[in-house]
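Biologist: I have a model on the screen and would like to go through it piece by piece. Could you start with the terms?

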Amino acid sequence: MLGATGATGATGATGATGPSPTTATIDPGVLDVGVERILVVTAHPDDVDFGAAGSVASWVKQGIAVMYCVVTDGDAGGSDRSVARPDMARLRRSEQRAAAAEVGVDDVVFLGYGDGRLLASIELRRDITRVVRQVQPDRVVTQSPERNWERMAASHPDHRAAGEATICAVYPDARNPFAHPELLDEGLEPHTVRQLWLMGAADSNCFVDCTDVMDRKLAALRAHASQVGDGANLHELLQRWMGGNASAGGLAPGRLAEAFRVVDAG
Ligand SMILES: [Zn+2]
């Protein structure tokens with residue numbers, strides 16, 4: 001079970017993904033007890049780094065194994081039409097691997113779906129279920145499938161599709177032996193994920209203090225040079241976003257946080 005440790009009445013600053021006044025805030029330290037493996041599933045290269053790289057850095061520091069599954073290669077990214085799309089896909093895979101290394105993650109799998117046209121199809125559910133059964137994570141982190149009207153970019157259709165398919169993989173597909181029977185044929189036994197963490201949600205209820213690992217998050221984001229250029233505006237952007245998250249989570253002034261909607265999936 002997830003342990004709610006009190007309610008906050010904070011609604012957050014502009015741009016924050018704070019809780020509603022009735023949402024109980026959950027202490028992330030309580031949730032980390034007993035967690036050995038975490039799988040992060042995102043639509044595009046760079047999504048995990050904007051939404052969760054600071055948290056990932058802190059989890060790796062604790063000795064938790066973290067693995068990434070990226071559904072597309074981000075081949076619709078950037079605005080330079082002179083770059084052939086297969087070249088962009090190769091570049092973005094290498095950028096994501098470099099970004100992962102900055103926060104201590106060396107296990108990154110790409111599913112190779114087309115960027116910009118992702119659907120929460122039964123095939124995508126099966127492919128994510130396969131990874132869940134292989135990794136057997138205690139926690140899965142993914143993107144909210146719900147539209148957040150405060151943050152249009154967080155609600156990119158690919159993000160919502162990847163999130164929906166991942167949630168379906170967590171429940172019920174990965175734990176149901178009769179879902180995707182071809183996976184049993186591959187020797188992949190059912191697995192129950194206990195915790196589901198959603199990035200970009202409008203009703204976040206868990207705030208991870210990332211102040212002490214901001215150098216790692218910035219380094220991870222700067223690895224995506226095809227998307228962030230020289231990264232000159234990243235520091236100011238993160239101060240605003242993550243300061244708002246920290247405020248919404250009731251953290252001390254000056255702290256910086258990543259925000260999640262945590263769901264008890266066990
Ligand atoms: Zn994205």
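Modeller: Helices are DSSP runs of H or I with at least four residues, strands are runs of E with at least two, and both are numbered from the N terminus. This is a predicted model, in which local features need pLDDT of at least 70 and side-chain atom pairs count only at pLDDT 80 or more, while totals for chains, interfaces and linings use all residues. Residues are numbered from 1 along each chain as its sequence is written.

Biologist: How many helices and strands does the protein have?

Modeller: The count follows the DSSP runs just described. The C-alpha atoms fill a box of roughly 50 × 50 × 35 Å along the principal axes. Within the protein, the secondary structure comes to 10 helices and 9 strands.

Biologist: What is the radius of gyration of the protein, and what would a compact globule have?

Modeller: The radius is taken over C-alpha atoms, and the globule rule is 2.2 Å times the number of residues to the power 0.38. For 266 residues that rule gives a value near 18 Å, and the protein agrees with it, at 18 Å.

Biologist: What share of the residues is buried?

Modeller: A residue is buried if 20 or more other C-beta atoms lie within 10 Å of its own, exposed if 12 or fewer, and partly exposed in between, with C-beta atoms placed from the backbone. Of the 266 residues, the buried share is 48%.

Biologist: Of the contacts with a separation of 6 or more, what share joins residues 24 or more positions apart?

Modeller: Two residues are in contact if their C-beta atoms, placed from the backbone, lie within 7 Å. Among contacts with a separation of 6 or more, residues 24 or more positions apart account for 77%.

Biologist: What distance separates the end C-alpha atoms of helix 4?

Modeller: The expected span of a helix is 1.5 Å times one less than its number of residues. Helix 4 covers residues 85-102, which is 18 residues, so it should span 26 Å. The ends agree with that, at 26 Å.

Biologist: Which elements do the buried residues of helix 4 pack against?

Modeller: The buried residues include Ala89, Leu91, Arg92 and Glu95. Gln96, Ala99, Ala100 and Glu102 are buried in helix 4 too. Their partners are strand 4 (65-72), strand 5 (108-113), helix 2 (47-51), helix 8 (214-222) and helix 9 (225-228).

Biologist: Which residue just after helix 4 takes a positive phi?

Modeller: Most residues other than glycine have a negative phi. The phi here is about 85°, and the residue is Gly104.

Biologist: Where is Asp46, and is it buried or exposed?

Modeller: Asp46 has a positive phi near 95°, although it is not a glycine. It sits in the loop between strand 3 (37-42) and helix 2. With 24 other C-beta atoms within 10 Å, Asp46 is buried.

Biologist: Which residue with a positive phi follows helix 5?

Modeller: The residue lies in the loop between helix 5 (122-135) and strand 6 (139-143). It has 15 other C-beta atoms within 10 Å, so it counts as partly exposed. Its phi is near 55°, and it is Gln136.

Biologist: How many residues of helix 5 are buried?

Modeller: Helix 5 is covered by elements including strand 3, strand 4, helix 6 and helix 7. Glu123 in this helix counts as exposed, with 12 C-beta neighbours inside 10 Å. Helix 5 is mostly covered, and the buried residues number 10 of 14.

Biologist: At what angle do the axes of helix 5 and helix 6 cross?

Modeller: Axes are lines fitted to C-alpha atoms, for helices over the stretch in contact, and angles run from 0 to 180 degrees between N-to-C directions. Leu124 and Ile128 are among the helix 5 residues that meet helix 6, where Ala165 and Ala169 are among the partners. The axes come within 8 Å and cross at roughly 55°.

Biologist: How are helix 3 and helix 8 set to each other?

Modeller: Angles under 35 degrees count as roughly parallel, over 145 as roughly antiparallel, 65 to 115 as roughly perpendicular and the rest as oblique. Helix 3 (residues 53-61) and helix 8 pack at about 125°, with axes 8 Å apart. The two helices are therefore oblique.

Biologist: Which residues does the cis peptide bond join?

Modeller: Most peptide bonds are trans. In this one omega is about 10°, and its proline lies in the loop between helix 6 (157-170) and helix 7 (181-185). The bond joins Tyr171 and Pro172.
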